[in-house]
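The following exercises are to be worked through with the sequence and the coordinates at hand. Each task is followed by a solution that proceeds step by step.

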Amino acid sequence: MIKRPRRLRLRGEDGFTLVELLIAMIVLTIGILALVAAYTSAYAALNRATRVSSARMVADAQMERFRAIQYSAIALGTTSGSCGSSCSTDSTYTSDSAYSSTAQVTSTTCASTTSTCLPTQTKTGPDNKSYRLDTYVAYTCVSGTLSVSPSLTCSTGPQPVKRVTVVVRSSSLTAPVRESSTFTTFPGS
Amino acid sequence: MGPIARARLPRRLRARVAAECGFTLVELIVAMVILTIVVASLSAVLVSATHSAVDANNRFQAQEQARTGLTQLVRELHCAGQVPSATNPNALPITDTAGNALTPGTAYNAVTVQLSSACATAGGVTPYVTWCTSASALKTGDYALFRVTSTTSRPTCSSTGKVKWADYLQTSTPFCLPSTTVSCGSPPVFKPSGSLPMLHVVMPVNLKGPSSTVDSYNVVDDIVLRNGAHS
């Protein structure tokens with residue numbers, strides 16, 4: 001009764017073998033690496049938050065430009081306009097839900113320096129990274145359905161208004177940042 | 001194990017126990033040295049990870065402050081209005097701290113607006129609100145953005161009761177009013193013809209001074225003065 005546990009205890013008193021030591025060190029290493037990984041993921045989360053807020057600022061700045069100009073000036077340049085190749089759009093632009101080939105508000109005069117009339121442009125965000133800024137301007141109805149031909153009307157409710165949608169895209173964003181606002185004409189604008 | 005206990009054991013076991021001498025001091029020291037090297041290198045990684053986490057956090061906080069400050073400034077400029085007088089029917093709702101109109105293209109370190117009591121940030125009265133920069137208390141050579149209000153006269157940055165909204169700014173003159181002919185900032189920003197007046201605001205935030213490009217965060221916006229007139 002006394003003998004067995006004593007024998008076991010004696011047999012067990014081997015000290016550590018190299019293998020045991022290595023295993024202990026590996027376990028320790030895994031523990032410390034897990035801590036480092038926590039820091040890395042926190043850092044990545046901060047970076048992501050910075051990207052999203054920067055993209056949001058690019059979008060806000062573009063929307064603010066529309067608030068400064070008159071209702072009649074809210075329109076996108078077309079390829080036939082003066083902005084030439086800088087007015088061109090691609091499949092990323094046209095596959096967006098805000099894009100409408102029929103209700104799009106277009107203008108034949110668009111200077112390549114005027115941000116409000118360029119469908120696609122590249123802007124530098126506050127974090128000095130490049131963001132692709134897509135702008136959509138389309139007629140929409142507050143209520144009822146929009147009809148573009150023979151004349152621009154809504155089936156019910158007031159006259160069509162212009163809806164501006166701003167989409168900021170970047171490979172470092174998990175999803176594009178978008179915001180949208182409607183603009184209406186009022187006396188003096 | 002004492003000698004009495006050892007004598008009680010069978011002979012074979014006694015031999016084994018005698019052979020089980022564990023580590024020598026040299027072996028132990030070698031193992032400890034190896035372990036120390038491993039732990040030291042891992043803790044170096046841990047320390048540098050902690051440093052960069054703290055650094056990233058500070059940077060993010062400074063950027064967030066600048067963004068929050070800009071948002072508050074935007075709200076107040078959007079809401080700001082000034083009753084046009086007979087002598088100045090096209091007066092802008094924004095002036096310098098002396099009440100004079102801003103000169104287009106000139107960078108200012110302070111601008112003042114008068115808020116209507118209907119504005120969300122006015123606090124139920126019609127205060128003069130001044131946004132201004134002053135030397136940063138946190139870093140020599142940097143500037144901080146302050147907001148100061150008064151119901152009696154246009155306050156300045158030396159007035160009491162100013163509240164800090166952002167820090168680590170690399171410029172002392174963040175405000176500039178562009179016109180259709182005179183630009184602000186770089187690349188130059190002009191006011192589009194026929195548009196409402198706008199205030200160009202530049203707030204470069206950098207915790208490490210202007211030379212560090214990694215940390216630079218450039219808050220730039222053109223804030224529309226909605227109660228102005230199209231021109």
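**Exercise 1.** Determine in which order the 4 strands of the open sheet in chain A are arranged, and which of them stand at the edges.

*Solution.* The model is a predicted one, and the steps below describe that model.
Step 1: the open sheet of chain A runs in the order β3-β4-β7-β8, with antiparallel pairing.
Step 2: β3 (120–124) and β8 (177–183) of chain A each have a single partner strand and therefore stand at the edges, so that one side of each is left without a neighbour in the sheet.
Step 3: ignoring direction, neighbouring strands of this sheet are turned against each other by 25° on average.

**Exercise 2.** Describe how β3(A) pairs with β4(A), and find the residue with a positive phi in their hairpin.

*Solution.* Step 1: β3(A) and β4(A), the latter covering residues 130–140, are joined over 5 bridges in the antiparallel sense.
Step 2: within this pair of strands, A:Gln121 has A:Leu133 in β4(A) as its bridge partner.
Step 3: the hairpin has 5 residues between the strands, and A:Asn128 takes a positive phi near 65° there.

**Exercise 3.** Follow the pairing of β7(A) with β8(A) to a residue of the largest nonpolar core.

*Solution.* Step 1: β7(A), residues 161–169, pairs with β8(A) over 7 bridges, again in the antiparallel sense.
Step 2: A:Val168 stands opposite A:Val177, which belongs to β8(A).
Step 3: the largest nonpolar core holds 64 residues, and A:Val168 is among the three that touch the most other members, together with B:Leu199 and B:Met203.
Step 4: if residues up to four places away in sequence are left out, the residues that B:Leu199 touches are B:Leu77, B:Ile94, B:Phe175, B:Leu177, B:Ile223 and B:Leu225.

**Exercise 4.** Which elements of chain A give two or more residues to the side that touches chain B, and how is that side composed by class?

*Solution.* Step 1: the contact between the chains involves 31 residues of chain A and 36 residues of chain B.
Step 2: on the side of chain A, the elements that contribute two or more residues are α1 (3–12) and α2 (18–68).
Step 3: α2(A) supplies the largest share of this side, namely 19 residues.
Step 4: sorted by class, the side of chain A that touches chain B comprises 17 nonpolar, 7 polar and 7 charged residues.

**Exercise 5.** Summarise the make-up of chain A along its sequence.

*Solution.* Step 1: chain A contains 3 helices and 8 strands, which follow one another in the pattern α-α-β-α-β-β-β-β-β-β-β.
Step 2: of its 189 residues, 23% count as buried.
Step 3: among the contacts in chain A with a separation of 6 or more, 64% join residues 24 or more positions apart.

Note on methods:
Residues numbered from 1 in each chain as written. Chains lettered and ligands numbered in written order. Predicted model: local features only at pLDDT ≥ 70, side-chain atom pairs only at ≥ 80, totals over all residues. Contact = placed C-beta atoms within 7 Å. Nonpolar A, V, L, I, M, F, W, Y, C, P; charged D, E, K, R; others polar. Pairing = 2+ DSSP bridges. Axes fitted to C-alpha atoms, helices over the stretch in contact; angles between N-to-C directions. Core = buried A, V, L, I, M, F, W, Y, C linked by C-beta atoms within 7 Å. Buried ≥ 20, exposed ≤ 12 C-beta atoms within 10 Å, placed from the backbone.
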